[in-house]
Amino acid sequence: MTGLDRAGRTDTVMGLLGAINSVGRDPRRGGYSRPVFDPSERELREWFVAEATKRGLDVTTDRNGIIWAWWAPASGSLDDAVLTGSHLDSVPGGGEFDGPLGVASALVAVDMLRARGVEPRRALGVVVFPEEEGSRFGVACLGSRLLSGAIDPARALSLKDRDGNTFAEVAAGSGFDPDGFGHDPASVARIGRFVELHVEQGRGLVDLDRPVAIGSSILGHGRWRLSVSGEGNHAGTTLMSDRRDPMVAASQIIVDVRAQARGQRDARATVGRIEAVPGGSNVIASRVDLWLDVRHPDNAVTLGLVESIRARAMTLAAGEGCTATLVEESFSATADFDGALRDWLGEVLPDAPVLATGAGHDAGVLAASVPTAMLFVRNPSGISHSPEEYVEGWDAEAGAEDLATILERLLMQT
Ligand code: HGY
Ligand code: MN
Ligand code: MN
């Protein structure tokens, strides 16, 4: 990393993020809740469009709700483009940097390239993917899956949020034509390379005392909805011996999920969301829905663990006079980033260690279609999907600087 080059630049990464750090704050959970197509996420979209336009980029939003900001070369061609960017939506109560750091760093990298007098031989695109977290409609990386044809648009359009609104209805309410969503091979074909910068969601760089890492792979991961059904009834008039309480069965299932994951080296299994129906404090629930997130480097192990969890859940439910069903909501196989691109990044950034990640990213989805790489920026807390997520300003600048160096090489390659 060269000395910080501030020549001709007015914005720092933290300065850009500071301009949006009041958008989508969640007073109840802490942190940020910025679900896709929610007013807060729409406000971030407008911020990005304004900042990209200010930089002379040609900004369009496509039929999948993906925002593309282009710096075209003298030829005007967008073929074999170098793409960077990330997402602006968040998990409920998420941190300030998961997603927006990659977007702000891309904008500052454009400033750095201009300050260096770079005249690209090929197009540079800065992209913002919608619904990376899958927090509103349940499927992670929905935008990049639609773009690359990794999800049936009919399924995507029928996905529902917690209030029962379909993706089609919400997207239409945001000005998109539901019939427009789906595979966009022409847009994928023009991408030569994709490099996504993201806050590290772990302690790897803290332990290695380095500001920036190169990504090697993304842990396979999926989400399943597990529903436990019993008999709803009155909390006061129903004897303990007469109950078929799905909340009791669900609690046993959650403890079993942990036990099974602990028994499988490198596995992670989480129940982070649980909903009782009807959800009254003086009501025995009739049904309990819980969402299972399971991850492992070996996809077969992930799926095998899920099957074992399903089997035990049915047994535990039956022990409480209940039934259990499990439905897959989304699955992303383990993604290895392009080896040649990863190794080349290592040559350009020799001080950057190579790290795997347990977190999913749009880069993981696009890796199936185009040569893809990631850069991670140190997070001193090592914590993510939480208000505790953090990045120091100098590390953010170092990340943008390294991203600019990578982009410059790719843009100038003959
Ligand atoms: O869930 C994930 O791994 C990512 O943050 N969407
Ligand atoms: Mn992210
Ligand atoms: Mn995330």
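The donor residues of the manganese ion (ligand 2) follow the spacing H-x10-D-x99-H in sequence. In this predicted model, the protein donors of that ion are His87 through NE2, Asp98 through OD and His198 through NE2, at 2.1 to 2.2 Å. His87 belongs to strand β3 (residues 81-87), whereas Asp98 is placed in the loop between β3 and α3 (100-115); the two residues are 11 residues apart.

Asp98 also serves the second metal site, bridging the manganese ion (ligand 2) and the manganese ion (ligand 3). The two ions are separated by 3.5 Å. Coordination of the manganese ion (ligand 3) comes from Asp98 (OD), Glu133 (OE), Glu133 (OE) and His385 (NE2), with distances of 2.1 to 2.8 Å. For this ion the donor residues are spaced D-x34-E-x251-H. Glu133 is located in the loop between β4 (124-129) and α4 (142-148), and His385 in the loop between β15 (372-377) and α13 (393-412); the pair therefore ties together parts that are 252 residues apart in sequence.

Two of the donors to the manganese ion (ligand 3), Glu133 and His385, also appear in the surroundings of ligand 1, which consist of Glu132, Glu133, Gln201, Arg295, Ala359, Gly360 and His385. By class, this shell comprises 1 nonpolar, 3 polar and 3 charged residues. Polar side-chain atoms approach ligand 1 at several points. An N or O atom in the side chain of Glu133 is 2.9 Å from a nitrogen atom of ligand 1, and a polar side-chain atom of Glu132 lies 3.0 Å from a nitrogen atom of the ligand. In the case of Arg295, an N or O atom of the side chain is 2.7 Å from an oxygen atom of ligand 1. On its own, ligand 1 has 220 Å² of accessible area, of which the protein covers 96%. The space that ligand 1 takes is the largest pocket.

Two backbone features were also identified in loops. The peptide bond from Val277 to Pro278 is cis, with omega near 5 degrees. Pro278 lies in the loop between β9 (268-277) and β10 (283-284). Asp80, a residue other than glycine, has a positive phi, near 55 degrees. The position of Asp80 is in the loop between β2 (67-71) and β3; strand β3 (residues 81-87) is the element that holds the metal donor His87.

Terms used:
Residues numbered from 1 in each chain as written. Chains lettered and ligands numbered in written order. Predicted model: local features only at pLDDT ≥ 70, side-chain atom pairs only at ≥ 80, totals over all residues. Heavy atoms only, no water. Near = heavy atom within 4 Å. Polar contact = N/O pair within 3.5 Å; in protein donor to acceptor, adjacent residues only side chain to side chain. Areas by Shrake-Rupley, 256 points an atom, 1.4 Å probe, with all protein chains shown as cover. 1 Å grid on protein atoms, 1.4 Å probe; cavity = no way out; pocket = protein on both sides within 12 Å on 5 of 7 lines; lining within 4 Å. Sits in = over half its atoms within 2 Å of the grid points. Nonpolar A, V, L, I, M, F, W, Y, C, P; charged D, E, K, R; others polar. Donors = N, O, S within 2.8 Å, 3.2 Å for Na, K, Ca; no water. Helix = DSSP H or I, 4+ residues; strand = E, 2+ residues; numbered from the N terminus.
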